[in-house]
Amino acid sequence: MSDTVRPATTERARPEEIGDRKRALAQLFDRSAPMYERVGVEHFADLGRRLVAYAELTGGQRVLDVGCGTGAVLVPAALAVGERGEATGVDISAGMVARAREELTRHGLHHARALVGDAETVALEDAPVGPGSFDAVLAGISLFFFPRPRAAVARYHRLLKPGGRIAVSWWGRPDPRWDRVFAASAPYGRGPSSHALPDDSPFRSIEAFHAVLSTAGFTDVETAEEDCVTRFANREQWWRWVWSTAGRQFWETVPEESRAAAEAAVNAELAALESPDGSLYSTSKVRFTLARRGL
């Protein structure tokens, strides 16, 4: 089994290949879990709050968060639906789910839970779900990792109540100022970058993703695009942040004997982006897509 995970794969892949990729994805995020969102960089938590705001959740609703990670979406969603509601998060990584549970406990959110499971199929032995189970399905910076995003979207359509909404956040154009940074590292790795999408990914354009949602039966599909500004105190913090996220999947493929040269090449490009105080920032585009299941 490969140690690298592409953000998305063809939905015509063999079942055993899909299984391998899902196991690799779980292992990738298990390795990231201990330091994920713990290096002093405000990033995913802010994006989670913004997605929940777009979803316009109301008190008493039942919400499913697919690919819940450490709870960046799950926590604000649980706060939005209140104690009369219910929020369920599902993630394939046991390490990330453990972190999400810690966050739910810290916030006293007893009406929310995080479960280990396949967020693509949402087939949970200990918490069975059926058609019309949820008022909203949320996917925060996660759906493009799934091997079969089209099948996943169709599944979510069935899980929603009539009139229910799906809300998805995903990446638009990365900051072009950083293209040289990723280009500098590319010759040294043996696997794909987490920033690359395969040719058949529906996340290559807004039109392509809208078509996937429409094919699944969703209506009123719309996407808003905003800036996502991420700040780093210095290049050392940037490196810690990369290794705490899925970005590590590329760097884990760089041979040990090439690591110093690779880091030097990247640091030379980072130096060109530094502010006078040594800080760095990136301004990428993030997309928030909303759609509704018909009545």
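**Notes on the predicted model**

1. Of the 295 residues that make up the protein chain, 53% count as buried. The coordinates come from a predicted model, and the remarks below should be read with that in mind.

2. On overall dimensions, a compact globule with 295 residues would have a radius of gyration near 19 Å, and the protein chain, at 19 Å, agrees with that expectation. Taken along the principal axes, the box filled by the C-alpha atoms is roughly 55 × 40 × 35 Å.

3. Turning to the secondary structure and the way the chain is connected, the protein chain has 10 helices and 7 strands. When contacts between residues at least 6 apart in sequence are considered, 81% of them join residues that are at least 24 apart.

4. The accessible surface of the protein chain amounts to about 13,100 Å², and carbon and sulfur atoms account for 51% of that area. As for charge, the protein chain carries 36 positive and 39 negative charges, and the mean positions of these two sets are 3 Å apart.

5. A reader may ask how many disulfides there are. The count comes to 0 disulfides, and the distances make the reason plain for Cys68 and Cys228. A disulfide needs sulfur atoms within 2.5 Å, whereas the sulfur of Cys68 lies 20 Å from its closest cysteine sulfur, that of Cys228, which is too far for a bond. Seen from the other side, the closest cysteine sulfur to that of Cys228 is in Cys68, again at 20 Å and too far for a bond. Cys68 is buried, with a relative accessible area of 5%, and Cys228 is buried as well, with a relative accessible area of 3%.

6. Two residues deserve a look at their backbone. Ile141, although not a glycine, has a positive phi of about 50°; its place is in the loop between strand 4 (134-140) and helix 5 (149-159), and at 10% relative accessibility Ile141 counts as buried. Asp220 is not a glycine either, yet has a positive phi of about 55°; Asp220 is found in strand 6 (residues 218-232) and, at 56% relative accessibility, counts as exposed, since the cut-off for that class is over 50%.

7. Val63 offers a view of the surroundings of strand 1 (residues 62-66), in which it lies. Is Val63 buried or exposed? With a relative accessible area of 1%, Val63 is buried, because residues under 20% are placed in that class. Leaving aside residues up to four places away in sequence, Val63 touches Leu57, Ala77, Val81, Glu86, Ala87, Thr88, Phe134, Ala136 and Leu138. Val63 and Lys161 are 98 residues apart along the chain, while their C-alpha atoms are separated by 11 Å.

8. Helix 5 can be described through its buried residues, which are Pro149, Ala152, Val153, Arg155, Tyr156, His157 and Leu159. An α-helix has 3.6 residues a turn, so residues three or four places apart point the same way. Which elements cover the buried residues of helix 5? The cover includes strand 1, strand 4, strand 5 (160-171), helix 7 (206-215), strand 6 and strand 7 (280-293). Strand 1, which holds Val63, and strand 6, which holds Asp220, are thus included in the cover of this helix.

Key. Residues are numbered from 1 along each chain as its sequence is written. This is a predicted model: local features need pLDDT of at least 70, side-chain atom pairs count only at pLDDT 80 or more; totals for chains, interfaces and linings use all residues. Side-chain values use heavy atoms; hydrogens and water are left out. Helices (H or I, at least four residues) and strands (E, at least two) are DSSP runs, numbered from the N terminus. The radius of gyration is taken over C-alpha atoms; the globule rule is 2.2 Å times the number of residues to the power 0.38. Buried means under 20% relative accessible area, exposed over 50%, partly exposed in between (1.4 Å probe, protein chains only). Contact means heavy atoms within 4.5 Å. Accessible areas come from the Shrake-Rupley method with a 1.4 Å probe; for residues, only the protein chains shown count as cover. Lys and Arg count as positive and Asp and Glu as negative; His and the chain ends are not counted. The place of a charge is taken as NZ of Lys, CZ of Arg, CG of Asp or CD of Glu.
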